[in-house]
Amino acid sequence: MMCYSMWFQFVVCVLMLLGVNGFQVPITFVQDAVAKGGVCLDGSPPAYHFDKGSGAGVNNWLIHMEGGAWCNNATTCFARTKTRLGSSKLMTTQYTFSGILSNQAKYSPDFYNWNRIKVRYCDGSSYTGDVEAVDPKAKVYYRGARLLKAIVDDLLAKGMKNAKNAIFGGCSAGGLGAILQCDNFRAWLPSDANVKCFSDAGFFINAKDVSGASHTQEVFADVVTTHGSAKNLPPSCTSKFDPKLCFFPEYAARGIQTPLFLLNAAYDAWQIKNTLAPGVADRHGTWRDCKADILKCSSTQLQTMHGFRQDFLAALSSLGNSASRGWYINSCYSHCQSGTQETWLRNDSPLLDDTTISKAVGDWFYDRKPFQKIDCQYPCDKTCHNRVFE
């Protein structure tokens with residue numbers, strides 16, 4: 001009875017927090033996309049969650065694309081068709097809107113009354129794939145770029161064709177997609193609209209792992225090949241570099257013309273776990289505890305992570321200096337900070353130059369104040385919400 005009581009109290013607390021900081025939005029399936037071939041890996045229609053704007057925000061649009069890594073060959077892509085990351089048939093029908101997607105002024109003062117859309121991720125290519133042929137046996141579709149265009153067309157028909165302001169963004173693999181498809185999105189919207197792009201934890205860098213191998217470069221090259229992504233990567237990049245490198249923002253973003261804001265942790269938790277110290281480079285599990293909790297990292301491991309930070313900052317600086325760009329690079333051990341209320345805007349949210357992420361992004365979008373700040377080295381920032389993984 002005691003266990004039941006404690007469990008009940010826990011559930012009540014979670015529901016109370018959801019009620020305060022988030023709300024549920026139902027799913028919308030884009031059935032028309034199937035005829036256009038803009039489908040998930042299993043051929044099911046793409047999907048998104050849409051909370052309509054109101055008042056002064058009725059003609060403003062915020063697209064926030066879901067992430068979830070990538071599949072880089074026929075085997076891993078087929079495996080994803082059995083999950084929500086490859087099939088809309090397996091997606092939850094409700095999605096919690098919080099942080100940048102909040103509908104309350106106190107939680108997202110610049111965007112709360114906009115049309116806010118969460119695009120669900122089911123193509124495995126950061127919305128860049130386009131292969132005409134379909135594997136007749138596995139029936140896997142590589143159509144991420146078509147999927148995105150079908151969703152955009154659906155939203156244009158629902159009022160986005162009248163957009164005055166628009167943000168094209170996302171988290172993780174969705175944040176990478178927002179960079180890679182940024183100029184395309186700009187071209188799809190009215191020429192007189194104020195359109196900008198926003199990437200949260202999408203600045204994946206071409207760094208070597210702890211064994212000295214280029215593991216992420218190999219994975220990204222396989223993604224581009226498997227999904228036929230090259231044709232949908234920025235031409236300003238593919239005309240100068242091997243298209244397989246153009247899946248990396250440090251190359252792809254150099255020629256992007258649309259204003260772009262990069263929100264990223266210099267000690268990005270996903271990249272530390274998968275780029276710097278992936279399992280294939282850490283066969284004895286030396287990094288396992290450190291990757292789960294940065295407080296458990298040895299001094300030697302922290303020095304290696306500081307080196308990763310330097311590589312990250314060097315990749316960022318390779319983009320050049322553009323007044324239209326913004327960046328908020330804190331030194332937290334985290335991954336994706338815009339969709340969660342505690343990191344986006346709350347009394348105890350992370351601060352950089354005494355500024356919340358919410359204020360920095362809002363000031364940048366509305367041209368109130370530029371924001372291009374880089375945090376000091378870990379562990380100097382005491383406002384961080386460092387992730388602890390199971």
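How many of the nine residues of helix α14 (residues 357-365) are buried? In this predicted model, eight of the nine are buried, so the helix is largely enclosed by the rest of the structure. The buried residues of α14 are Ile 357, Ser 358, Ala 360, Val 361, Gly 362, Asp 363, Trp 364 and Phe 365, and they pack against the strands and helix labelled β6 (165-171), β7 (194-200), β8 (260-265), β9 (326-330) and α13. After the helix comes Asp 367, a residue whose phi is positive, near 60°.

A strand elsewhere in the chain can be read in a similar way. Five of the five residues of strand β2 (residues 47-51) are buried, so this strand is largely enclosed by the rest of the structure. In a regular strand the side chains alternate between the two faces of the sheet. In β2, Ala 47, His 49 and Asp 51 point one way while Tyr 48 and Phe 50 point the other way, and all of them are buried.

The pairing of β2 can be followed next. With strand β1 (residues 23-29), β2 pairs in the antiparallel sense over three bridges, and Tyr 48 of β2 is the bridge partner of Thr 28. With strand β5 (residues 115-119), β2 pairs in the antiparallel sense over four bridges, and here Phe 50 has Ile 117 of β5 as its bridge partner.

Ala 47 of β2 also leads to a residue in a loop, for it is among the residues that Ser 88 touches. Ser 88 has its place in the loop between α3 (74-80) and β4, and with a relative accessible area of 3%, which falls under the 20% cut-off, Ser 88 is buried. Leaving aside residues up to four places away in sequence, the contacts of Ser 88 are Phe 29, Cys 40, Asp 42, Ser 44, Pro 45 and Ala 47.

The last stop is an open space in the model. Rolling a probe the size of a water molecule over the atoms shows where empty space is left. The largest pocket holds about 680 Å³ of space, and of the 30 residues that line it, Cys 171, His 335, Cys 336, Thr 340 and Arg 387 are the closest to its centre. At least two lining residues each are supplied by β3 (60-65), β4 (94-97), α10 (269-276) and α13 (341-344), and the largest share, four residues, comes from α10. Sorted by class, the lining of this pocket has nine nonpolar, 15 polar and six charged residues.

Terms used. Residues numbered from 1 in each chain as written. Predicted model: local features only at pLDDT ≥ 70, side-chain atom pairs only at ≥ 80, totals over all residues. Heavy atoms only, no water. Buried < 20%, exposed > 50% of the residue type's maximum accessible area, 1.4 Å probe, protein only. Pairing = 2+ DSSP bridges. 1 Å grid on protein atoms, 1.4 Å probe; cavity = no way out; pocket = protein on both sides within 12 Å on 5 of 7 lines; lining within 4 Å. Points joined across faces, edges and corners; volume = space filled by probe spheres on them. Nonpolar A, V, L, I, M, F, W, Y, C, P; charged D, E, K, R; others polar. Contact = heavy atoms within 4.5 Å.
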